[in-house]
Amino acid sequence: MAELKFHPYHQPAGGWGALRASMHSLRQQGILTEGTALLLKSNQAEGFDCPGCAWPDPDAHSTFEFCENGVKAVAAEATSKKVTADFFAQHSVAWLAQQSDYDLEEFGRLTEPMLYNTASDHYEPVSWENAFALIASELQKLDSPNQAIFYTSGRTSNEAAFLYQLFAREFGTNNMPDCSNMCHEPTSLGMPESIGIGKGTVTLEDFDHADTLLLFGHNPGTNHPRMLGTLRDAAKRGCRILVFNPLRERGLQRFVNPQDPGEMLTNHGTEIATHYYQPRIGGDYAIALGIVRYLLEQGTLDQDFIDTHTQGFAQLQSIALETPWADIETESGLSHAEFMEIGQIYDSGKASIITWGMGITQHKHAVATIQMLVNVLLLKGNIGKEGAGACPIRGHSNVQGDRTMGIWERPAADFLDRLATEFDFEPPREPGYDVIGSIAALEKGEAKVFFGMGGNFANATPDTQRVHTALSQCALTVHVTTKLNRSHIVHGKNALILPCLGRTEIDIQNGKPQGITVEDSMSMVHISEGMRAPASPHLKSECAIIAELAAATLPDSKTPWRELVQDYDRIRERISRVVAGFEDFNARVHHPRGFHLDLPPRSRRWTTPSGKAQFIAQPLKSITEDRFVPQSSARVFNLMTIRSHDQYNTTIYGYEDRYRGVSGARNICFMHPDDMAEMGFVENSPVDIISHWTDGERMARNFRILPYDIPRSCVAGYYPELNVLVPLSSHADRANTPTSKSIPVTFQVAGAYDQ
Ligand SMILES: Nc1nc2c(c(=O)[nH]1)N[C@H]1C(S)=C(S)[C@@H](COP(=O)(O)OP(=O)(O)OC[C@H]3O[C@@H](n4cnc5c(=O)[nH]c(N)nc54)[C@H](O)[C@@H]3O)O[C@H]1N2
Ligand SMILES: Nc1nc2c(c(=O)[nH]1)N[C@H]1C(S)=C(S)[C@@H](COP(=O)(O)OP(=O)(O)OC[C@H]3O[C@@H](n4cnc5c(=O)[nH]c(N)nc54)[C@H](O)[C@@H]3O)O[C@H]1N2
Ligand SMILES: [Mo]
C-alpha cells in the first residue's frame with residue numbers, strides 16, 4: 001500500500017479527475033476496450049441496470065450518463081481477473097485471512113463452487129450437485145427451521161429475491177435479515193406510520209419542478225453521482241438547494257459534468273448547494289423540529305391540506321412550541337440566524353423535496369427524525385403535488401425491490417396469505433431475525449446455518465470481533481457471491497462458496513437469454529439484461545441456484561422450482577399474483593423504461609389506519625443523553641463512519657478519497673483543527689480510537705488524525721474498518737439499525753494502551 005497523503009481538494013467534483021479515475025479502473029481490471037463498449041449499455045432501455053446505486057435512469061437521455069463510480073462498479077464485476085481452483089490450491093484460508101479486503105476482491109471473479117476442507121485448510125472444488133446435497137442435509141438436520149438464517153444483500157434481482165423468500169418460507173422460517181436492516185430500515189418503519197408507505201413519494205421529474213431542495217445526510221458526489229446531474233439542472237434553474245451535512249462534501253458544492261465539453265474546457269462547472277449548513281452529528285431531529293417551530297411561529301401553513309389530509313397537528317404544535325429555541329440550537333449545532341434563514345427559504349418555497357441518506361438513518365433517533373422531516377413536508381402540503389415530496393436515497397441498486405418482493409423478517413399478513421394461496425403451503429407467521437437478531441442468535445448457538453445471498457455479512461455488520469466469532473461457530477456457512485470477501489474467510493465448520501452470474505452477464509436458461517428486473521429508489525421497475533459472456537462456464541444465476549437448492553431441500557414442495565427458472569416470465573407471472581402493484585407484470589415490464597409503481601401518497605391517498613397522514617412528534621432528546629460516558633477524564637467525541645470515494649460498501653476499489661484529499665491509506669480520522677490543537681495532535685498523529693459502551697470498550701488501532709472542516713467534537717473515519725467500534729447493542733430505536741454514524745469515542749496516542 002502507498003503512503004498516506006493528504007492534500008485538500010479544491011477542484012469541482014466530476015470533471016477530468018472523474019474521467020481519469022474511470023479510465024484507471026478499466027485499465028486496472030484489464031478491460032479498457034470492452035469496458036467502454038459495455039458502459040454504453042448501462043442504464044439504457046435495452047441493457048443492464050448499473051450495479052452501483054439506486055438512483056433512477058432519466059427518461060430523456062439516449063446516450064449513457066457518465067458516472068465514475070458506476071464505471072468502477074461495472075469494472076469490478078467485468079474484470080478479466082479470475083479466481084480459479086488452482087488459486088485456492090495454492091493459498092490456504094490462513095493465508096487468505098492475512099490479505100486485505102482490497103486484495104481479496106482484487107483477486108478477481110470466482111469461477112466454480114468451492115467447499116472448505118478442514119484437514120487441508122483449503123477451499124476445494126465441489127460439484128454443484130454435491131454442494132446442494134450438503135446444504136440440504138445440513139438444513140434438514142436442524143431441530144427447527146428457525147436455526148437457519150437467510151441473508152440478502154440489495155443487488156439481488158426481484159426474481160431471485162421472490163424465489164429466495166419463497167424457499168425460506170417453504171422451509172419454514174422468516175429469518176430473512178438483509179442489508180436494509182443496516183441502511184434504510186428506519187425509513188421503512190417510520191414512513192408507513194406517517195403516510196402509509198415506506199418508500200419515497202417523488203419521481204425524477206419532480207426534481208424538474210421543485211423550487212427548494214433540502215438534502216440531509218448523504219453524499220451524492222460519491223454514492224449516487226448521477227444525482228449530481230439532476231442537482232446541477234435544478235441549480236441552473238435557480239432552485240434553492242440547502243445542504244445539511246457536518247462535513248463539507250465536495251460533490252455538494254461544485255460539479256463539472258464530464259459529458260459537457262464546455263464545462264470540461266473551463267473546469268468551472270456549476271455551484272450545487274446555495275446554502276450549506278454544518279450541524280453536529282445527529283443534530284437533524286433538532287433541525288427538523290426547528291423548521292417546524294419556525295413555520296408555526298412565522299410561516300404560512302397549508303391549512304387546507306392540514307385540515308383535509310392530516311391528524312395529530314395539535315400534538316406536533318405543542319411539542320414544537322414547548323421546545324426552547326436554545327435547546328434546538330444547542331442540539332443541532334446551528335445558530336438562531338441560520339434557523340431564521342432556513343425557515344424563511346423553506347416557507348417561501350412552492351414545491352419542496354426533502355432527501356436523506358445514511359447521515360439520518362444510522363442514528364438512535366432515526367425513526368423520530370424521519371417522521372419529523374415528514375412533518376416538515378406535511379405542514380406545507382409538500383406531498384402529493386408536482387415538484388414536492390419525500391425522497392429517501394436508497395443504497396444498493398435493488399434493495400427497495402428486494403423488500404417489495406418479501407425479503408423481510410416481519411412480512412405483512414396479507415402478503416403471506418397471498419403467498420400461501422399461490423403456492424399452496426402454510427408460511428410461518430412469527431417474525432424472524434433481523435441483522436442484529438441474527439448475530440445474537442448465532443452468538444448463542446441458536447442459529448447454526450448462515451446462508452448469504454450476496455453481500456459481506458462479516459464486514460458490513462457492527463462489532464466485527466463478535467460477528468466473526470459468531471460466524472465461525474456455524475455448522476455451515478454458504479455464500480452466493482461474485483468475488484472473494486471476508487465472509488468466506490470467516491467461515492463455519494462446513495463452508496461453501498457458490499459463484500453466481502453478475503448483472504452485466506448473459507443469463508441463459510433453457511437456451512434462451514433471460515432478463516431480470518429491479519426497482520429503483522423512485523419505484524420505477526424495469527428490466528435488466530446482461531450483455532457479456534459469463535466470467536466462467538460454471539457460474540449459475542441466483543435464480544437457478546435457489547431453484548436447485550429448493551429442489552434438493554424440499555422434496556415435498558408443490559412449487560415447480562426448475563420449471564419456473566426455465567423462463568423468468570414464469571417467475572414474474574407468479575409475482576404478479578402475489579405482490580400488490582405487479583398485476584400484469586410481464587406485459588408492463590417489457591415497456592422500454594418499465595413502469596412506475598402506484599404510490600398512494602402521490603394522489604393524497606393515505607393507507608394509514610386513520611386514513612389520514614399522521615403528524616408524529618416526540619420531545620427533543622439530547623443526542624448525548626443516553627450515551628455511555630467513560631470513567632476516565634478523556635474527552636469524548638462523536639464518531640461517524642462514512643464511505644470514501646473509492647469503495648462500494650465493503651468492496652474497496654482503491655485508496656483514493658479524492659474529493660476529501662486523502663490518498664494511500666484508509667486508517668484515518670478527520671478532526672477539527674482546534675480540537676486537534678486541544679488534544680495535542682498534529683496532522684498524521686498516530687492514535688488508537690476507543691469506543692465506550694455499557695458493555696465495555698472496543699479499540700481500533702493505529703489510525704492517523706487529519707484536520708478537516710467538521711464541527712467541534714465530531715470526528716469521521718471509514719467504514720468498514722471502524723466497524724470494530726460499533727457496539728451491537730447501540731441501534732436505532734425500534735428499527736435496530738446500528739448507530740454507525742454516532743459512536744462515542746476517545747483517543748490515545750497509538751500504542752499507549754500496550755505500555
Ligand atoms: N460508490 C459508492 N456508491 C454507493 C455506495 C458505496 O459504498 N460506494 N453504497 C451504497 C449504499 S448501500 C448506500 S446506503 C448509499 C450510501 O450513501 P450515503 O447516505 O451518502 O452514505 P455515507 O457515505 O455513509 O454518507 C453519509 C453522509 O452523511 C453525512 N452525515 C453523517 N452523519 C450525519 C448526521 O448526523 N447528520 C447529517 N445531516 N449528515 C450526516 C456524512 O458526512 C456523509 O456525507 O450509497 C450507495 N451507493
Ligand atoms: N460502520 C458502518 N457499517 C455499515 C454502514 C455504514 O455506513 N457504516 N453501511 C451499512 C449499509 S447502508 C449497508 S447497505 C451494508 C452493506 O452490506 P452488504 O450488502 O452485505 O455488503 P456489500 O459490501 O455491498 O457486499 C459486497 C459483496 O457482494 C458480492 N456481490 C457483488 N455483486 C453481487 C451479485 O450480483 N450477486 C451476488 N450474489 N453477490 C454479489 C461480492 O462478493 C461482494 O464482496 O453495510 C452496512 N454497514
Ligand atoms: Mo445501504
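Is R604 buried, partly exposed or exposed? Keep that in mind as you open the viewer; the tour comes back to this residue at the end. One thing before setting off: this is a predicted model.

**Stop 1: colour by domain**

Start by giving each domain its own colour. The domain assignment splits the chain into domain 1 (5-77), domain 2 (82-181 + 398-596), domain 3 (185-395) and domain 4 (627-754). Notice that domain 2 is written as two segments, so select both ranges together when you colour it.

**Stop 2: where domain 1 meets domain 2**

Now show domains 1 and 2 and hide the rest. Their C-alpha centres are 27 Å apart. Select the contact residues next: domain 1 brings 23 residues to the contact and domain 2 brings 21 residues. Together the two domains bury about 2000 Å², with 48% of that area on carbon and sulfur atoms.

Put A45, D49 and E77 in sticks. These three residues supply 31% of the area that domain 1 buries against domain 2, more than any other three residues.

Stay on D49 and add R503. Their side chains meet in a salt bridge, with 2.9 Å from N to O. Across this interface there are two salt bridges. If you turn on polar contacts as well, the count between domain 1 and domain 2 is 13 residue pairs, both residues at pLDDT 80 or more.

For the secondary structure, switch to cartoon and pick out α2 (32-39) and α3 (68-78), the elements that give two or more residues to the side of domain 1 touching domain 2. The largest share, three residues, comes from α3.

**Stop 3: K41**

From α2, move along to K41, which is placed in the loop between α2 and α3. With 36% relative accessibility, K41 counts as partly exposed. Show its surroundings: leaving out residues up to four places away in sequence, K41 touches E46, G47, F48 and M531. M531 is worth a distance label, as the C-alpha atoms of K41 and M531 are separated by 8.0 Å while the two residues are 490 residues apart along the chain.

**Stop 4: the cysteines**

Select C50, C53 and C67 and display their sulfur atoms. How many disulfides does the count give? It comes to zero disulfides. Why does C50 not form one? The closest cysteine sulfur to that of C50 is in C67, and at 6.2 Å it is too far for a bond, since the cut-off is 2.5 Å. For C67, the closest cysteine sulfur is in C53, again 6.2 Å away and too far for a bond. C50 is buried, at 6% relative accessible area, and C67 is buried too, at 8%.

**Stop 5: backbone surprises**

Most residues other than glycine have a negative phi, and most peptide bonds are trans. The next three selections depart from that pattern.

- Select Y719 and P720: the peptide bond between them is cis, with omega near 5°. P720 is in the loop between β33 (714-718) and β34 (743-749).
- Select S523: its phi is positive, near 65°, and it is not a glycine. S523 sits in the loop between β21 (516-519) and β22 (524-528), and it is buried, with a relative accessible area of 0%.
- Select R604: here phi is about 55°, also positive in a residue that is not a glycine. R604 is in the loop between β23 (595-596) and β24 (613-614).

That brings back the opening question. At 24% relative accessibility, R604 counts as partly exposed.

Note on methods. Residues are numbered from 1 along each chain as its sequence is written. Chains are lettered from A and ligands numbered from 1 in the order in which they are written. This is a predicted model: local features need pLDDT of at least 70, side-chain atom pairs count only at pLDDT 80 or more; totals for chains, interfaces and linings use all residues. Side-chain values use heavy atoms; hydrogens and water are left out. Buried means under 20% relative accessible area, exposed over 50%, partly exposed in between (1.4 Å probe, protein chains only). Contact means heavy atoms within 4.5 Å. Buried area is the accessible area (1.4 Å probe) that two parts lose on being put together, summed over both. A salt bridge is a side-chain nitrogen of Lys or Arg within 4 Å of a carboxyl oxygen of Asp or Glu. A polar contact is a pair of N or O atoms within 3.5 Å; within protein, one must be able to donate a hydrogen and the other to accept it, and residues adjacent in sequence count only if both atoms are side-chain atoms. Helices (H or I, at least four residues) and strands (E, at least two) are DSSP runs, numbered from the N terminus.
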